[in-house]
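Me: I have a structure open and would like to learn how to read it feature by feature. Could you walk me through it?

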Amino acid sequence: MKTAVLVFPGSNCDHDAYHALKHVIGVDAAFVWHKESSLDGFDAVVIPGGFTYGDYLRSGAMAKLSPVMGAVRRFAEGGGPVIGICNGFQILLEAGLLPGAMIVNDSLRFICDYVHLRAGTDRTPFTRGIPEGTVLKIPVAHYQGNYYADEPTLSGLEERRQVVFRYCDPEGEVTSASNPNGSARNIAGICNEAGNVLGMMPHPERCTEEVLGSADGRRLFDAMVAWLGERTA
Amino acid sequence: MKAKIYVTLKRGVLDPQGKAIHASLTHLGIDGVEDVRVGKFMEITLKEIGREEARRRLDEACRRLLANTVIEEYRIEIGG
C-alpha cells in the first residue's frame with residue numbers, strides 16, 4: 001500500500017502528511033513533485049496544504065495547471081482515493097474536481113485554531129467507519145476557507161450526500177457561532193459524486209497523535225487504509 | 001497592443017474586503033458610499049494579433065485561469 005504526497009512550490013504541510021502516513025499510520029509514503037505526470041503504482045493521493053505559488057491570483061489557481069494534476073484527474077476517474085487538505089482542497093476546487101470555490105474568511109482574519117467537525121457521510125474512503133453525526137476535533141489554518149457555491153450546487157451536494165464535514169460546536173450542533181469562516185451551510189469538507197475525492201479545509205494530518213492535542217485526524221487515514229485493504233482483497 | 005482585464009466578484013458573492021473598506025471610508029467621514037467591491041486589474045501586453053483574435057484569446061485566458069467563474073466575472077478592454 002503506497003501513498004503519494006504531492007509537492008508543489010509553496011506546499012508546506014507535505015512533511016506533516018508524510019509523517020502522519022509513514023510514521024503514525026505506518027503505510028508507505030513518497031513525495032511526488034508537481035512536475036511528475038504519472039501516479040502509477042500509488043494507491044492513494046494526498047494533496048497537502050500550503051501556499052502553492054504564493055497564492056498568486058487565487059489559492060490553487062496556478063497549481064491546478066501543474067502536470068501532476070492531469071495524473072490526479074486520471075487517478076480520481078479510476079476511483080482512487082484522493083484527499084485535498086486546505087490548499088489541497090482549494091486546488092481540487094480550482095481544478096474542477098470538486099464544485100464551488102473559496103473566498104476570504106468573513107472575519108478577514110487568518111484563522112489558526114482547533115474546530116469541531118460533524119461527519120456527514122461515511123461513503124468516502126476517508127470516512128468509512130465514521131458514522132454520520134460523529135464529532136471530530138481537527139485544527140484549521142487558513143485565510144480563504146469561506147466555501148461558496150450557488151444554491152443549486154449546494155442543494156445538489158446535500159441531495160447526493162457530498163457534504164462530508166460541517167463546522168459544529170463540541171456537542172455536534174451545526175450553528176452559525178461554530179462557523180469559523182462564513183462557509184455556506186457550515187461546510188468544511190465535500191466529496192465528489194463518486195465519493196472517492198475528498199476536499200477539506202481542516203488538517204487531519206496535524207492531529208494524528210494525542211501529544212498534538214487530538215488524534216482524531218488519524219481516523220481518516222485509518223479509514224483510508226481499511227478501505228484500500230477491502231479494495232485489494 | 002495593450003489589454004486591460006478587470007476581475008470582480010459576482011453580485012451576490014459576499015465581498016468581506018469590500019465591506020471592511022466601506023466601513024473604513026465611513027469611519028473616515030467619507031459619506032455617500034453605497035457599496036465597495038474589491039477586484040483585480042491586469043494589464044496585458046500582446047503581440048499585434050488583431051483585436052478580434054486578442055479578444056478571443058483573452059476570453060479563453062479569463063475562463064481558464066485569470067478568473068474563477070464560479071465566483072468572479074470579468075471584463076476585457078482592448079486598447080491601442
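**Reading the model together**

Reply: Happily. Let us start in a loop: A:Ala194 sits between strand S10 (187-191) and S11 of chain A. Keep in mind that this is a predicted model.

Me: Is A:Ala194 buried or exposed?

Reply: The way to judge is to count C-beta neighbours, with 12 or fewer inside 10 Å meaning exposed. A:Ala194 has 12 such neighbours, so it counts as exposed. Its C-alpha is separated by 26 Å from that of A:Arg206, a residue 12 places away along the chain.

Me: And how far should I trust the prediction?

Reply: Where pLDDT is low, the predicted coordinates should not be read in detail. For chain B, the mean pLDDT is 95, and 99% of the residues reach 70 or more. For the complex, the predictor gives an ipTM of 0.88 and a pTM of 0.95.

Me: How many residues does each chain bring to the contact?

Reply: Chain A contributes 11 residues and chain B contributes 9 residues. On the chain A side, the residues touching chain B are 6 nonpolar, 2 polar and 3 charged.

Me: Now the helices. What should I look at in H1 of chain A?

Reply: Begin with the general idea: an α-helix has 3.6 residues a turn, so residues three or four places apart point the same way. Helix H1 of chain A covers residues 14-25, 12 residues in total, and spans 15 Å between its first and last C-alpha, close to the 16 Å expected at 1.5 Å a residue. Its buried residues are A:Asp14, A:Asp16, A:Ala17, A:Ala20 and A:Leu21.

Me: Which elements do the buried residues of H1(A) pack against?

Reply: They pack against strands S1 (2-7), S2 (28-33) and S3 (44-47), and against helix H5 (218-232), of chain A. Just after H1(A), look at A:Gly26, where phi is positive, at about 90°.

Me: Next, the sheet of chain A. In what order do its strands come?

Reply: Strands of a sheet pair through backbone hydrogen bonds, either parallel or antiparallel. Here 9 strands of chain A make an open sheet with mixed pairing, in the order S2-S1-S3-S4-S11-S10-S9-S6-S7. S2 and strand S7 (135-142) of chain A are at the edges with a single partner strand each, so one side of each has no neighbour in the sheet. On average, neighbouring strands of this sheet are turned by 25° against each other, direction ignored.

Me: Where can I see the mixed pairing?

Reply: For a parallel pair, take S1(A) and S3(A), joined by 3 bridges; A:Thr3 stands opposite A:Ala44 in S3(A). For an antiparallel pair, go to strand S6 (residues 111-119) of chain A, which 8 bridges join to S7(A), with A:Asp113 partnered by A:Val140 in S7(A). S6(A) also runs antiparallel to strand S9 (residues 163-168) of chain A, through 4 bridges. There, the bridge partner of A:Arg118 is A:Arg166 in S9(A).

Me: Which residues does A:Phe165 contact, leaving aside its neighbours within four places in sequence?

Reply: First, the setting: A:Phe165 is in strand S9 of chain A, and it counts as buried with 30 C-beta neighbours inside 10 Å. Its contacts beyond those neighbours are A:Leu117, A:Arg118, A:Ala119, A:Gly120, A:Ala188, A:Gly189 and A:Met200.

Me: What lies across the sheet strands S3, S4 and S11 of chain A?

Reply: Helix H3 (residues 87-94) of chain A does, running at about 115° to strand S4 (82-85) of chain A. In helix H3 of chain A you will find A:Leu92, a buried residue with 30 other C-beta atoms within 10 Å. Its contacts, leaving aside neighbours within four places in sequence, include A:Ile47, A:Gly84 and A:Val197.

Me: Finally, how many strands are in the open sheet of chain B?

Reply: That sheet has 3 strands in the order S2-S1-S3, with antiparallel pairing. Strands S2 (39-45) and S3 (72-78) of chain B stand at the edges, each with a single partner strand, so one side of each lacks a neighbour in the sheet. The average turn between neighbouring strands of this sheet is 15°, direction ignored. Helix H2 (residues 51-66) of chain B packs on the sheet and touches S1, S2 and S3 of chain B, its direction making about 160° with that of S3(B).

Conventions:
Residues are numbered from 1 along each chain as its sequence is written. Chains are lettered from A and ligands numbered from 1 in the order in which they are written. This is a predicted model: local features need pLDDT of at least 70, side-chain atom pairs count only at pLDDT 80 or more; totals for chains, interfaces and linings use all residues. pLDDT is the predictor's confidence in each residue, from 0 to 100. Two residues are in contact if their C-beta atoms, placed from the backbone, lie within 7 Å. Ala, Val, Leu, Ile, Met, Phe, Trp, Tyr, Cys and Pro count as nonpolar, Asp, Glu, Lys and Arg as charged, and the others, Gly among them, as polar. Helices (H or I, at least four residues) and strands (E, at least two) are DSSP runs, numbered from the N terminus. The expected span of a helix is 1.5 Å times one less than its number of residues. A residue is buried if 20 or more other C-beta atoms lie within 10 Å of its own, exposed if 12 or fewer, and partly exposed in between; C-beta atoms are placed from the backbone. Two strands pair if DSSP finds at least two bridges between them. Axes are lines fitted to C-alpha atoms, for helices over the stretch in contact, and angles run from 0 to 180 degrees between N-to-C directions.
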